[in-house]
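This note is addressed to a colleague who is new to the structure. It takes up one sheet and two pockets in turn.

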Amino acid sequence: MVETTFRRRVLALVASAALTALTCGAPALAAGPDGYQMPPAPIAQILDAPQTPGVSLSPERKTMALLGRENLPPIAAVSEPILRLGGYRINPRSNGPIEARTNWMTSLTFQDVATGKSQPVALPPGTRFMDPRWSADGARTAFVVDGKDGLELWVAERKSATARRIEGVLLNAAFGSAYDWLPGGQGLLVTAIPAGRGSAPVADDTPKGPIIQESAGRTAAIRTYQDLLASEHDEALFDHYFTSQLVRVSLADGSLTSVGVPGLYSAVTPSPDGQFILTNRLKRPYSYLVPAGRFPTEVNVLDAGGGLVKQLADRPLADNLPAAFDAVSVGPRSVSWREDAPATLVWAEAQDGGDPRKKVAVHDRVLSLAAPFTAAPTSVLDLDQRYAGIDWGRGDFALLTTRWWETRKEKRIAIDPGKPGSNRVILERNYQDRYNDPGSPLSRVNVRGEEVLHFTPDGKGVFVTGAGASAKGEFPFVGVMDLATGKTTRQWQAAAPYYEAPVALADEAGKTVITRRESKDEPPNYYLHAVKGGKATALTRFADRAPQFAGVSKQTITYSRADGVKLSGTLYLPAGYDKTRDGPLPLLMWAYPEEFTDASVAGQTVDTGNRFTRPGGTSHLFLLTQGYAVLDGPSMPIIGVNGAEPNDTYIEQLTASAKAAVDAVVAMGVADKDRIAVGGHSYGAFMTANLLAHTDLFRAGIARSGAYNRTLTPFGFQAEQRTYWEATETYTRMSPFTYATKVNEPILLIHGQADDNSGTFPVQSERFYAALKGAGATVRYVVLPNEAHGYRARESTMHTLWEMSAWMDRYVKSAPPRAAK
């Protein structure tokens, strides 16, 4: 028999795995090689390839900003000092976001959409920047540079392709975004580090007394949060790093004008006419139980000079909200400017005391108040669901959206802002329903720089774009929603073999559209289309950054669960694989459960054959380069119908879905039933541990950054709204920690040492490892220093993929047939 290239590669990998097992002392796996390890080729080469540039389209759609992107940062950068305060993580050096949460950009090029002419912007060597944003007229873009002394504000001119720093100001990005364009594009409003702030408070290592918290019988069901304040010193640090001075920047003369007094401004938004500033200002007393977003907050309107014009709300500490997902604070919330008016505030107020479980006809009321803010607020509309926002259009039309978690329902309501109370429900649907998604309205930037609905030239419709999902695949579309009927007529739609997502209409009349096109074999690039036929014009020509992956095959497979629920997944097979010649392969099934209230929606299948797939980061798809098949995203629906709680039958539904997936790939002849592994990240890791505890379908598992003991998240988790005391049996049965003695297949646990995700504290993996070890299980526990919930450093990424590949080689690829039972 002629030995194929594919077979030679697989045999070599098996031999390598066997050698690794001998040299590392399998099966104990106590430590393995010291230090960070590199995954087998070509994984590192793919990860180190230059990133594909990002693209940002100017508001008037005439220019694209091509944004060079930094690759994986080194562990030294990820290991810079971090402060964890009030639910935030900041870098004290920059007073901004930490490395693990920042996608830095390294170059900026302006490209004319019509001609394709490019103009690189000259930046100092080594410049790293983030948060680029266009001015309303598209004449310039601002961005934030990681400078030696802190975060700097820079502005690039489109016409000259030159950039300059705004001198005299360092930005404070502790709360997130640190600037906003003012109307006209000639100025910006920034949150700056106050002048003369001084050094950060220094901790006194000698305690002044115990840290005391007390509750005097008040109900306060608080979900699990990370990075909370924990001491008086934390409070002092929070005041120091999060206090900002508002500053108005003039681009005409470079002048800087302080606005008002320094404060803890968690949100700052200028009014569309630039005459007022809406601020959320936090104040004491702080809490050690909830993040800063729930601290006492004043919602104020300031004038252009910083003087108080109107206090809309003075919210107390919100540490006693009900555990239900639609629970909200009482009083004004979601306060924003009406984008199509000069200076009108809009907000929602709960009418059920913030508790969605109360049986009332009206849950939310939407109100508005126009400048000079001296009149009584106007009631816009009463809602039987939670307010989810408004897309503003013009004086007689806006779209209001409401949602209700319990039922997964949403409504879209047409309102006439000039006639409060006037409304029409134009759509009511299950928002998880992909097949019947009518799309979302498109916006355009008006003269004030605000995004408003993009109406058709006759004013009788609004342009929309949608995913166009069906069993045959996703084929995004551009359509027009009739304002009178709410019905959508599709004007343009992507067609096979392409997945082509509309980015923006290229003209006011909606005759041309800019899209991002890809196919199974073509990398994503930007195109200009005529909506009514005509040839597409390529605007970019980005190359495939991972051609090593080009020969991988992909198909969507469908199958059914024992109870009749339709399921699907994407099956990937290695390059060069031939089923007849090479036979069944070792396979990794990588999944993530999801809850539904409708079985028909849970069973929707969308073919992904028109998508361009290239792995990045710690993707499990890299295992395809090592001779494995991968079943990616097999459906794991947990369904509760007619008011039933989905999680009460979590284990039964999960195991039924997993069995159906295994049976499907084995029946196809592509997977060896004795060499199938299961894996997942976060809630997928939780799933993995449960499947190893409750089934014998798999030879091994990989569980990354998971939670395994639900008693440590007693006030709800994932889609579970009930508390531990309301659903004790469900919490207990769903916790794989409870069944550690039943996990009889090898399991690899990986966790970021600095996990920042709610509910997945590293102690979850630490305690689960101890339980498994105590029960005699085969388990390996890998802690990635200074990594969060997702892993960012190059060293951490490479090592994670090495761990996954080595684990699969040892316990799956090299596994002998199972003994007959």
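1. Two strands are taken to pair if DSSP finds at least two bridges between them. The model is predicted, and the points below should be read accordingly.

2. In this model, strand β36, residues 512-519, runs antiparallel to strand β37, residues 525-530, and 6 bridges join the two. One of the contacts can be named by residue: T515 has Y527 of β37 as its bridge partner.

3. Strands β36 and β37 belong to an open sheet of 4 strands, ordered β35-β36-β37-β38, with antiparallel pairing. The edges are held by β35 (498-505) and β38 (537-538); each has a single partner strand, so one side of each is left without a neighbour in the sheet.

4. Turning to the pockets, the largest has a volume of about 810 Å³. Its lining consists of 28 residues, and those nearest the centre are I211, S231, E232, E235 and Y288. Which classes make up the lining of the largest pocket? There are 14 nonpolar, 7 polar and 7 charged residues.

5. The second largest pocket has a volume of about 590 Å³. It is lined by 31 residues, with W404, W405, E406, T407 and Q721 the closest to its centre. By class, the lining of the second largest pocket divides into 9 nonpolar, 9 polar and 13 charged residues.

Technical notes
Residues numbered from 1 in each chain as written. Predicted model: local features only at pLDDT ≥ 70, side-chain atom pairs only at ≥ 80, totals over all residues. Heavy atoms only, no water. 1 Å grid on protein atoms, 1.4 Å probe; cavity = no way out; pocket = protein on both sides within 12 Å on 5 of 7 lines; lining within 4 Å. Points joined across faces, edges and corners; volume = space filled by probe spheres on them. Nonpolar A, V, L, I, M, F, W, Y, C, P; charged D, E, K, R; others polar.
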